[in-house]
Amino acid sequence: MAFNKLNHHILGEIRPRFALKINCDPETALEHLAVKLKEDRTISGVRSNNYVFVKTLSESAHYWSPEMSVRIEKHDYLDYIGVHCVLGPRQSVWVLFTLIYAALTILTIFGGIFGIVQLGMRDGSSFIWSLPIGLILISTIFISSKIGQNKGRDEMLHLVSFIYHALDEITEVERIPGN
């Protein structure tokens, strides 16, 4: 689900991101978000410097529950304050999938190269099967991540709605196209 793209169904996007612009002091916006986090009983979060991390409550959270990282900062070359949001699975889930992708990719590449070399030397090699098996496993992991993202879609939309409404209380919020 791409929040800031014209194509609202980008197949490869696992961690959607979008950007907003506001016209108030970053510190004021961050403080207001911290206060709203304490008031809202459906989500939890924490503020750290110019970041706010928002997630669903642990009682209603499941393996695929999303988290949102919100960065609010003033850019020297722009006349507005940028709010940059990244949605994704919990960090432990994200790291697990990254490690699985990396391990499968390395095994597929090296096993495939070894199998192709063995085949080129006229020695039969079962390592050649690492190419299709690796590609099938990588595709399966990708499809399971998309299914998990779809399962956490409502929670993701709730987090986005929270950010929009909380910031809209103190200033006008506008989406930045193209991020």
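Which residue stands opposite Val-54 in S3? In this model, which is a predicted one, the residue opposite Val-54 is Gly-45, and I would like to use that pair as the way into the sheet before I turn to the charged side chains.

Let me begin with strand S3, which covers residues 51-56 and has two unlike faces, a covered one made of Val-52, Val-54 and Thr-56 and an uncovered one made of Tyr-51, Phe-53 and Lys-55. In a regular strand the side chains alternate between the two faces of the sheet. On one side, S3 is joined by 6 bridges to strand S2, residues 43-48, and the two run antiparallel. Besides the pair I opened with, Ser-44 stands opposite Lys-55, a residue of the uncovered face. The hairpin of S2 and S3 has 2 residues between the strands, and there Asn-49 takes a positive phi near 55 degrees. S3 also pairs with strand S4, residues 66-74, through 5 bridges, again in an antiparallel arrangement, and within S4 the bridge partner of Val-52 is Val-70.

Now to the charges, where the structure holds 6 salt bridges. Side chains of opposite charge can pair when their charged atoms come close.

The residue I would ask you to look at is Lys-36, which is placed in helix H1, residues 26-39, and which counts as buried because its relative accessibility is 17%, under the 20% cut-off. Lys-36 forms a salt bridge with Glu-169, with 3.2 Å between the closest N and O atoms. Since Lys-36 lies in helix H1 and Glu-169 in the loop between helix H4 (153-168) and S6, this pair ties together parts that are 133 residues apart in sequence. Glu-169 itself, at 49% relative accessibility, counts as partly exposed. Leaving aside residues up to four places away in sequence, Lys-36 touches Phe-162, Ala-166 and Glu-169. A salt bridge also connects Lys-36 to Glu-39, where the closest N and O atoms are likewise 3.2 Å apart, but here both residues lie in helix H1, 3 residues apart, or about one turn of the helix. Glu-39 is partly exposed, at 49% relative accessibility.

Finally, Glu-174 and Lys-21 meet through their side chains in a salt bridge of 3.8 Å, N to O, and this pair links distant parts of the chain, with Glu-174 in strand S6 (residues 174-175) and Lys-21 in strand S1 (residues 17-22), 153 residues apart. Both count as partly exposed, Glu-174 at 39% relative accessibility and Lys-21 at 26%.

Conventions
Residues are numbered from 1 along each chain as its sequence is written. This is a predicted model: local features need pLDDT of at least 70, side-chain atom pairs count only at pLDDT 80 or more; totals for chains, interfaces and linings use all residues. Side-chain values use heavy atoms; hydrogens and water are left out. Buried means under 20% relative accessible area, exposed over 50%, partly exposed in between (1.4 Å probe, protein chains only). Helices (H or I, at least four residues) and strands (E, at least two) are DSSP runs, numbered from the N terminus. Two strands pair if DSSP finds at least two bridges between them. Contact means heavy atoms within 4.5 Å. A salt bridge is a side-chain nitrogen of Lys or Arg within 4 Å of a carboxyl oxygen of Asp or Glu.
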